[in-house]
Each structure stands twice: as structure tokens, then as C-alpha cells.
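Trainee: I would like to learn how to read a structure like this one. Could you take me through it feature by feature?

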Amino acid sequence: MTFSPSLGPPADALAASFATTYAGVVAFIAVVAEGSFARAADRLGIGRSAVSRNVQKLEGQLSVRLFHRTTRSTTLTSEGDMFYASCHSGVDQIVQAVEEMRDLRNGTPRGQLRVASAVGFGRKVVAPLLGKFQAAYPEVSVDLILGDKPVDFTSDRVDIAFRNGRLEDAQIIAKQIIPMQMMVCAARDYRQTHGLPTTVDELPDHECINLRTGLGRISEWEFKVDGKVQRFLPQARLTYNDPELVLRAVLDGKGIAQMPGYLICDSLASGTLVPCLVQHAPDDRGHYICYQSRQHMPTRMRVFIDFMTKEIRASDLQCATNLLERLPAAAHERHAYGNNGISLSAN
């Protein structure tokens, strides 16, 4: 791109005109507010002559007289009164905007947060914590967007995103909150009728329920076998694009599915679900809270990240950990259920 030399002077004149006009308007507003040039100078922290000079330049640009000035008083002309009515609200808004920007970094947390999350994790984990967050920070409003497609921080205007699994986007900052534990589970009725797989190779013999991702693909089941990742794509008669529908089908005894720990912890604790192949659960996934930059981060973002990290880590979502800790004991106990029991042994 090239620029004509003839365009230089108008651009310089425009810049000079803006600088002069803005300084003049600020000086003009200060004189009106304070009632004199001397007090306006004190308020602005500049000399009285500078205030007078800026106002005179403004009057020259506008080709009107704004003040009646005598040795005893300074009053607005009719043109000055009209100009003040038109511009003082704009200057007030600029001053307020500057103050607000400073407060965003150092002041009380306030303003709006646009937060994105996968549907299951957002509904089960994030949404229930928002009431407690807003009780602690009442001046922060949260716009929670649930969706299983990857979000773009810029085009989607997202401040913070919760992501699951493995992260490959090097352009964002990702802080792991907790590991993402994936477990194969079934309802007790299914176990009593069909038993449970004791090895990954037995999975094709069972009714499996699949999850379709936000990108339209069927989610593969993953396992850690002899230190290596082993993937399995079941031939399923039931497939859903919502993890809670997968859970509901499993609870209804329709089959088995590999589901994230946060979704099934309550059902495992109550005994309505039983796990299997826990010893082969993958261990390289996580639940992350993500954002674009640590620089110039508004207070509302900092407190939200800290709050969510603390609360989610304090939640009882690491249900696989307790099951794995039982592995040595389970191997010796040889549950009386046999193949219909909880498959914890490393056979």
C-alpha cells in the first residue's frame, strides 16, 4: 500500500485539530464546573495560562465566544451554554470509562463474564457453583454457554472456557483443575443378567452405548493396557449426542458405557452403578479452565478462575481414585459375585 504525499498535511492537521479540540473541551468543562479559570487550572493540575490558551484555541476552532470574562466573573455566553449542554455528558462518560478500566484491574470484581463449557460438565459441575460464586461476588454477572463444539475465544467473545480431555491448542492458557477419569459402568440389573467384562477384549460381547461428539464423530473408548493406550470403537445399538442421555440409558439397564467420573460419581456412591475395567482407566486426560492471556486480566476473571478451581477440586469427583486404591485388596478378596461382580482385579 502506498500513500500520496498530498495526504500527509490533512492527516497531521486532523491529529492536531483533535488534540487541540479535546484539550480545549476538557478545559472548557473544568472552567464551567469550577466557575473560574484559576480553580479549573488547580483541578486539572496545569497553569491558568494553559487553561486560558486551550479555551481560546477551542473558541477559534468553533468560531464562537464561549465565555463572558471580566475581572470579577466568568459566565457562559448563549453559545457556550448550548455547547456545554451538548458535550459535557460525553466528557463525563470518557472520564467514567477511564476510571472503570482502572477498576477492572484493581477494584472490586464487577462486570460480565462470558463462560463456555461442554454440555455435560457445564450442567453437572459449573452451573451448580454459579449461585455460590455470585453470592460472593454480587457485581459480577455470568453468561454461561453450553455446547460440545470447540469455541473460538475471539469470534465467540468468550472470556473463560472449560475444556475436557487432551488440549492441543497452544494459543491459550490451560490450567488443569482435576484429572478426567473415564470409567466403564453398568446398572446392577445389567450386571446380574449379562455380567461385566473383565478384560478389554470382552467388550464386543456386551451391549455398548456410544456418545456422539459435538463434531459429529463417535467417541472412542480408551484404556491403558500394559502402559499403552488401547482404543475401542463399539458397535452400538444406542448412540446419543448428550452424555446425560448415555447415563440415563445405562441406569435403565440398556447396556454399558464409558463415562467421565464427574457424571457418575453420585451413582457409584449410591450403588445404582457398578464399574468395571477400572484398572485400565486412561490417566492422561483432564478438566481444564482456559483463557487467552494472564496480562491485564480483569479482577472478575481472576476471582472466577480461583473460585472455580478451588470449589471443583474440593468436590468429590475423583471417584476412580478410591476404586483404584482398592485394587490390591480386591485382588485377594475375589468377590463372591464371580464374573457378575465388580471387576477390580487385574486379571
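Mentor: We will go through the sheets, the helices and then the largest pocket.

Mentor: First, some ground rules: this is a predicted model, where local features need pLDDT of at least 70, side-chain atom pairs count only at pLDDT 80 or more, and totals for chains, interfaces and linings use all residues. Residues are numbered from 1 along each chain as its sequence is written, and side-chain values use heavy atoms, leaving out hydrogens and water.

Trainee: Thanks! In the open sheet of 3 strands, what is the strand order?

Mentor: Some terms first: helices (H or I, at least four residues) and strands (E, at least two) are DSSP runs, numbered from the N terminus, and two strands pair if DSSP finds at least two bridges between them. Here the order is 12-7-13, with antiparallel pairing. Strand 12 (257–260) and strand 13 (273–276) are at the edges with a single partner strand each, so one side of each has no neighbour in the sheet. On average, neighbouring strands of this sheet are turned by 50° against each other, direction ignored.

Trainee: How many bridges link strand 7 and strand 12?

Mentor: Strand 7 (residues 182–187) pairs with strand 12 over 4 bridges, in the antiparallel sense. Val 184 is the residue opposite Gln 258 in strand 12. As a general idea, side chains in a regular strand alternate between the two faces of the sheet.

Trainee: Which strands does helix 7 lie across?

Mentor: Two conventions help: contact means heavy atoms within 4.5 Å, while axes are lines fitted to C-alpha atoms, for helices over the stretch in contact, and angles run from 0 to 180 degrees between N-to-C directions. Helix 7 (residues 243–251) lies across strand 7, strand 12 and strand 13, at about 130° to strand 12. Helix 8 (residues 261–270) also packs on the sheet, touching strand 7, strand 12 and strand 13, and its direction makes about 105° with that of strand 12.

Trainee: What is the order in the open sheet of 5 strands?

Mentor: That order is 4-3-5-14-6, and the pairing is mixed. Its edge strands, strand 4 (140–146) and strand 6 (173–179), each pair on one side only. From one strand to the next, the twist averages 25°. Strand 6 and strand 14 (residues 286–291) run antiparallel, joined by 6 bridges; Cys 290 in strand 14 is the bridge partner of Ala 174.

Trainee: Which strands does helix 5 lie across?

Mentor: Helix 5 (residues 119–136) crosses strand 3 (111–117), strand 4, strand 5 (160–165) and strand 14, running at about 170° to strand 4. Helix 9 (residues 299–314) lies across strand 3, strand 4, strand 5, strand 6 and strand 14, at about 20° to strand 6.

Trainee: At what angle do helix 2 and helix 3 pack?

Mentor: For reading angles, under 35 degrees counts as roughly parallel, over 145 as roughly antiparallel, 65 to 115 as roughly perpendicular and the rest as oblique. Helix 2 (residues 37–44) and helix 3 (residues 48–62) pack at about 105°, their axes 8 Å apart. Helix 2 is therefore roughly perpendicular to helix 3. Phe 37, Ala 38, Ala 40, Ala 41 and Leu 44 in helix 2 meet Arg 48, Val 51, Ser 52 and Val 55 in helix 3.

Trainee: How many residues line the largest pocket?

Mentor: On a 1 Å grid over the protein atoms alone, a pocket is an open set of points where a 1.4 Å probe fits, with protein on both sides within 12 Å along at least five of seven lines; lining residues have an atom within 4 Å of a point. The largest pocket is lined by 47 residues, and Asp 148, Asn 164, Gly 165, Thr 213 and Arg 285 lie nearest its centre. About 1300 Å³ of space lies in this pocket, a volume being the space filled by probe spheres set on the points, with grid points joined across faces, edges and corners.
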